[in-house]
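Subject: The structure we talked about

Hi,

Here is the structure I promised to send over. Have a look at it first, then read my notes underneath with the picture open beside you.

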Amino acid sequence: MAVDLSALILQRRMVRSFDGSAPSHDLLAHWTQTALSAPSAGNSAGVRLVVLEADYVSKYFEVATDSTWRDSAARAPGLMRAGAVVLACSSSEIYTERYAERDKSSSGLGEVDAWPVPYWHTDASMVVMQLLLLIEDSGWAACLWGNFRHGDAVRELAQLSPAWQIFGSVLIGRADGNDQRSSSLQRSVPVRSERVMWLPGEVR
Ligand SMILES: Cc1cc2nc3c(=O)[nH]c(=O)nc-3n(C[C@H](O)[C@H](O)[C@H](O)COP(=O)(O)O)c2cc1C
């Protein structure tokens, strides 16, 4: 049966309270390998996904968070019941090397500082979006989680060299229905129709 992609996209929400179920190895392999079919600038293929299956989840939270958060954050117990974590990583070196190749060298993007838009992050976000939708489509749930704190410790746990930047972690599980809405959702933001601008007209 054809997937109703629009419905799937509109239905997907970040979930931050899981019931402790763990997706199978095969399902994780299917999600991650399929997600990596995302567009990639210059076909650089500079994104890697590191899968932490259920046995690694508590170790992940040990290094990715601190005890104050684990003991006091309202969402900590629900998030820590994730059944798997996928780290999305990319390496700027792969992109600068690719764009220094003969067919791309005229772009002048052979150095990191030359990139007006760092496509290694763009590629990682494309993969993550595909992963989130695949998870949703399978009846599972996920939350994209930033690693702006303790990033080095997470990289060490994942045995990644410093060349790999962690774009974010996808925490995966079955929703237990006890989600605490993100305070971000209380923000008043322009409705989607207002975020599409048509020419001729004023760009807001
Ligand atoms: C780049 C990025 C980083 C995010 N980081 C976090 C995070 O660290 N923790 C978290 O709970 N949610 C995080 N989110 C989820 C957003 O808060 C969420 O997508 C937003 O509030 C809209 O909610 P929805 O995705 O459920 O529609 C992140 C989302 C994106 C795109």
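**Around the ligand**

The shell around the ligand is made up of Arg13, Met14, Arg16, Cys143, Leu144, Trp145, Gly146, Gly168, Ser182, Ser184 and Leu185. Before you go further, keep in mind that this is a predicted model. Which strand gives the most to that shell? That's β3, with three residues. If you sort the shell by residue type, you get five nonpolar, four polar and two charged.

**The sheet**

Next, find the sheet. It is an open one with four strands, in the order β1-β2-β4-β3, and the pairing is antiparallel. The strands at the edges are β1 (47-52) and β3 (141-145), and each of these has a pairing partner on one side only. On average, neighbouring strands in the sheet are turned by 20 degrees against each other, if you ignore direction.

Two helices to look for here are α3 and α7. Helix α3 (residues 54-64) packs on the sheet and touches β1 and β2, with its direction at about 65 degrees to that of β2. Helix α7 (residues 119-137) packs on the sheet too, touching β1, β2, β3 and β4. The direction of α7 makes about 5 degrees with that of β4.

Now for the pairings themselves. β1 and β2 run antiparallel and are joined by six bridges. One residue pair to click on there is valine 47 and its bridge partner in β2, serine 90. On to the next pairing: strand β2 (residues 84-90) and strand β4 (residues 165-173) are also antiparallel, with seven bridges between them. Here leucine 87 stands opposite serine 169 of β4, and valine 85 faces leucine 171 of β4.

**A closer look at β2**

Is β2 buried or exposed? Seven of its seven residues are buried, so β2 is largely enclosed by the rest of the structure. You can check this face by face: Ala84, Val86, Ala88 and Ser90 are on one side, Val85, Leu87 and Cys89 are on the other, and all of them are buried.

**Where α2 meets α7**

Helix α2 (residues 25-35) is worth a look as well. Its axis comes within 8 Å of the axis of α7, and the two cross at roughly 140 degrees. The crossing is right-handed. Which residues meet there? From α2 you have Trp31, Thr32, Thr34 and Ala35, and from α7 you have Val127, Gln130, Leu131, Leu134 and Ile135. By type, the residues of this contact come out as six nonpolar, three polar and no charged.

While you're in α2, stop at leucine 28, which is part of that helix. Leucine 28 counts as buried because it has 21 C-beta neighbours inside 10 Å, and 20 or more are needed for that label. Leaving aside neighbours within four places in sequence, leucine 28 is in contact with Pro23, Val51, Glu53 and Ala84. If you'd like to try out the distance tool, go from leucine 28 to proline 118: their C-alpha atoms are separated by 28 Å, and the two residues are 90 apart along the chain.

**A few backbone oddities**

A bit of background for this part: most residues other than glycine have a negative phi, and most peptide bonds are trans. Here are some places that go the other way.

- Alanine 45 is not a glycine, yet its phi is positive, at about 50 degrees. You'll find alanine 45 in the loop between α2 and β1. Alanine 45 counts as partly exposed because it has 13 C-beta neighbours inside 10 Å.
- Glutamine 159 has a positive phi too, near 55 degrees, and is also a residue other than glycine. Its place is the loop between α8 (151-157) and β4. With 8 other C-beta atoms within 10 Å, glutamine 159 is exposed; the label applies at 12 or fewer.
- The peptide bond from leucine 199 to proline 200 is cis, with omega near 0 degrees. Proline 200 lies in the segment after β4.

That's the tour. Send me a note if you get lost anywhere along the way.

Cheers

Methods:
Residues numbered from 1 in each chain as written. Predicted model: local features only at pLDDT ≥ 70, side-chain atom pairs only at ≥ 80, totals over all residues. Pairing = 2+ DSSP bridges. Axes fitted to C-alpha atoms, helices over the stretch in contact; angles between N-to-C directions. Contact = placed C-beta atoms within 7 Å. Near = placed C-beta within 6 Å. Nonpolar A, V, L, I, M, F, W, Y, C, P; charged D, E, K, R; others polar. Left-handed = near helix turned anticlockwise from the far one by under 90°.
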